[in-house]
Amino acid sequence: MALILVTGASRGIGLELACQYAEAGDKVIATCRDPETANALKHLEQSHPTVELQTLDVVDSLSILSLASLLSKRGDKLDVLINNAGMLVQEDPGEWTADAFSASLETNVVGPAMIMQAFEKVMADGGKMISISSGLGSFGMALDFGGPTGTYAASKAALNMVVCQLAPRLKQKGIVAVAFNPGWVKTDMGGQEATYTPQESVSSLRESFAKLTLDQAGQFIDHNYDSLPW
Ligand SMILES: NC(=O)c1ccc[n+]([C@@H]2O[C@H](COP(=O)([O-])OP(=O)(O)OC[C@H]3O[C@@H](n4cnc5c(N)ncnc54)[C@H](OP(=O)(O)O)[C@@H]3O)[C@@H](O)[C@H]2O)c1
């Protein structure tokens, strides 16, 4: 039974990750910023004794440090940590606002970076630290520039660089850190026109996570295990 921690597990891809790992019999620490209102997650916790709900707001350093410290005190060792929480604000170029851009960077870049640093001490040897990025953050994959997802794309490009920058240190400690693209997924963020259901994306992601080796540290990988251009 592996121990998996997921951020942003209240809905969308994060909730589906928690559900599928729980169904597979793994122990899941499903985190979200407001457990009181996370009804689907509360239901999952009630129906699966191996699911534990914990509060984690990825833009709150104290919240990050307290959860890392709790796991450390308990002697928990994470096999997989999934930096999934994220946000998208759509604003056309020329109309970007500092508040929305800063919030995206805090949530999509700074938070995941602080989590990778804080949880390093509670990773199992051979553990996997996965950051859910986006094809929109890839210079090589971008089909067009100038659309309303510009600040989000910039934040995911920065997240990719964060993974590259932290991966060598983590690799020395036996931890593989990578960035993954989940594909375009039908969630609140992706919308109903998206290509994949959360079930399809997460099945594909989980198969790929299982294949990861230390040699892949610092790579950007598609949900179906194809490698992606930066
Ligand atoms: N859907 C797609 O097509 C797609 C494509 C590429 C990449 N992604 C990435 O995949 C990840 C999941 O996206 P999704 O489609 O599932 O989005 P979603 O349905 O909008 O869900 C976002 C999740 O992130 C959580 N979150 C936001 N800010 C947070 C914070 N400060 N602390 C903790 N949790 C926070 C939300 O929690 P609350 O419920 O509390 O708001 C929610 O659980 C994101 O990183 C996203 O950028 C998605």
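This passage describes the strands, helices and nonpolar cores of a predicted model.

The strand arrangement can be followed outward from strand S1 (3–6). In S1, Leu 3 and Leu 5 point one way while Ile 4 and Val 6 point the other way, and all are buried. In a regular strand the side chains alternate between the two faces of the sheet. On one side, S1 runs parallel to strand S2, to which four bridges join it; within this pairing Ile 4 stands opposite Val 28, and Val 6 has Ala 30 as its bridge partner. The chain passes from S1 through helix H1 to S2 in a β-α-β crossover that is right-handed. S1 is also joined to strand S4 by three bridges, again in a parallel arrangement, with Leu 5 standing opposite Leu 81 of S4.

Strand S2 (residues 27–32) is mostly covered, five of its six residues being buried. Besides its pairing with S1, S2 is joined by five bridges to strand S3 (residues 51–55), and these two strands run parallel; the bridge partner of Ile 29 in S3 is Glu 52. Between S2 and S3 the chain crosses through helix H2 (residues 39–47), and this β-α-β crossover is likewise right-handed.

Helix H1, the connection between S1 and S2, has twelve residues and reaches 17 Å from its first C-alpha to its last, close to the 16 Å expected at 1.5 Å a residue. Nine of these twelve residues are buried, so H1 is largely enclosed by the rest of the structure. The buried set includes the nonpolar residues Ile 13, Leu 15 and Leu 17, and Glu 16 and Gln 20 also belong to it. Strands S1, S2, S3 and S4, together with helices H2 and H6 (198–211), form the surroundings against which the buried residues of H1 pack. Just after H1, Gly 25 takes a positive phi of about 95°.

In soluble globular proteins, nonpolar side chains tend to be buried together. In the present model, the largest nonpolar core has 30 residues, and those with the most contacts inside it are Leu 17, Leu 41, Ile 82, Ile 130, Phe 180 and Phe 209. Helix H1 (residues 12–23) supplies the largest share of this core, namely six residues. Apart from this core lies another, of 27 residues, among them Leu 56, Ala 68, Val 162 and Ala 177. When residues up to four places away in sequence are not counted, Ile 130 touches Val 80, Leu 81, Ile 82 and Asn 83, as well as Val 178, Phe 180, Phe 209 and Leu 212.

Helix H4 (residues 98–119) has 22 residues and spans 30 Å from its first C-alpha to its last, close to the 32 Å expected at 1.5 Å a residue. There is nevertheless a kink of about 35° in H4, centred on Glu 106. Residues buried in H4 include Ala 100 and Ser 104, and also Thr 107, Asn 108 and Val 109, while Gly 111, Pro 112, Ile 115, Met 116 and Phe 119 are among the others. The buried residues of H4 pack against helices H3 (61–74) and H5 (150–172) and against strands S1, S4 (78–83), S5 (123–132) and S6 (176–181). Strands S1 and S4 thus recur in both helix environments, since the buried residues of H1 pack against them and those of H4 do as well.

Note on methods:
Residues numbered from 1 in each chain as written. Predicted model: local features only at pLDDT ≥ 70, side-chain atom pairs only at ≥ 80, totals over all residues. Heavy atoms only, no water. Core = buried A, V, L, I, M, F, W, Y, C linked by side-chain atoms within 4.5 Å. Buried < 20%, exposed > 50% of the residue type's maximum accessible area, 1.4 Å probe, protein only. Contact = heavy atoms within 4.5 Å. Expected span 1.5 Å × (residues − 1). Bend = angle between axes of the 7 residues up to and from the residue. Pairing = 2+ DSSP bridges. Right-handed = clockwise from strand over helix to strand, strands pointing away.
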